[in-house]
Amino acid sequence: MTTPTASASANIRTRVRIPLRFSDGFSTVADAVTFHGLADQAEHVAMVFGDPGPTPLVRMHSECLTGDVFGSARCDCGPQLREAVERMSVAGGVLLYLRQEGRGIGLYNKLDAYALQDHGLDTYEANSALGLPEDGRDYTAAAQMLRALNIDTIDLLSNNPDKGHQLSNLGITVRGHVPTGVFTTPTNLSYLRAKVEHTGHTIALAG
Ligand SMILES: [Zn+2]
């Protein structure tokens with residue numbers, strides 16, 4: 001465990017309301033919030049639902065173009081995003097949409113890794129074979145975004161224990177962990193199994 005890191009502060013740039021309508025007909029509304037001063041200069045966005053309250057439900061969702069936009073069944077990102085939006089539209093919450101595609105390696109590298117996975121490597125082995133980190137994500141900007149929104153204590157919606165550890169190390173108090181649903185398909189089962197076996201994701205998989 002490292003000691004809490006005091007990162008530079010970010011502040012809110014724009015807050016704008018966006019009505020959301022999903023392809024399955026679900027609709028809600030969120031405030032999209034952008035920031036000045038994020039550590040990695042990326043265009044991360046916070047989607048704020050309802051009244052988040054003093055200890056909001058927070059989801060850190062890393063961008064997945066193939067899953068979020070095109071409905072790829074190689075991963076579970078699309079259904080996880082959809083679930084988070086619905087939960088937060090009911091209970092209030094903050095979804096941090098983080099522009100770190102492919103666990104931080106970028107879209108092209110992610111697709112290169114997919115090609116290797118088609119030859120038998122798992123999602124982590126493929127990254128290693130390309131000379132890339134298994135998980136290159138950094139949550140410094142996420143912690144900055146929460147603080148800019150005056151949030152320092154959260155309930156974290158995630159099955160990934162590393163996200164909570166990283167946020168704690170960045171000075172955010174993670175009061176509770178709320179597990180997400182499990183969205184298996186024939187084509188993402190090996191991907192989800194690798195997440196469980198490799199990084200201790202708390203996902204109950206059959207078999
Ligand atoms: Zn994905």
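Start at Asn 150, just after helix 5: its phi is positive, about 60 degrees. Keep in mind that this is a predicted model.

Step back and select helix 5, residues 140–148. Is the helix mostly covered or mostly bare? It is mostly covered, with eight of its nine residues buried. Colour the buried ones: Thr 140, Ala 141, Ala 142, Ala 143, Gln 144, Met 145, Leu 146 and Ala 148.

Next, select strand 6, residues 153–157. Asp 155 lies in this strand. Is Asp 155 buried or exposed? Its relative accessibility is 14%, so Asp 155 counts as buried, because the cut-off for buried is under 20%.

Now show what touches Asp 155. Leaving out neighbours within four places in sequence, the contacts include Thr 55, Pro 56, Leu 57 and Val 58. Arg 175, Gly 176 and Val 178 are also in contact with Asp 155.

Add strand 7, residues 173–178. Strands 6 and 7 run parallel, and five bridges join them. For one place to look, pick Thr 153: it stands opposite Thr 173 in strand 7.

Finally, show the whole sheet. Which order do its strands take? The seven strands run 1-2-3-5-4-6-7 in an open sheet with mixed pairing. At the edges are strand 1 (11–21) and strand 7 (173–178), each paired on one side only. Turn the view to see the twist: neighbouring strands of this sheet are turned against each other by 30 degrees on average, direction ignored.

Key:
Residues are numbered from 1 along each chain as its sequence is written. This is a predicted model: local features need pLDDT of at least 70, side-chain atom pairs count only at pLDDT 80 or more; totals for chains, interfaces and linings use all residues. Side-chain values use heavy atoms; hydrogens and water are left out. Helices (H or I, at least four residues) and strands (E, at least two) are DSSP runs, numbered from the N terminus. Buried means under 20% relative accessible area, exposed over 50%, partly exposed in between (1.4 Å probe, protein chains only). Contact means heavy atoms within 4.5 Å. Two strands pair if DSSP finds at least two bridges between them. Axes are lines fitted to C-alpha atoms, for helices over the stretch in contact, and angles run from 0 to 180 degrees between N-to-C directions.
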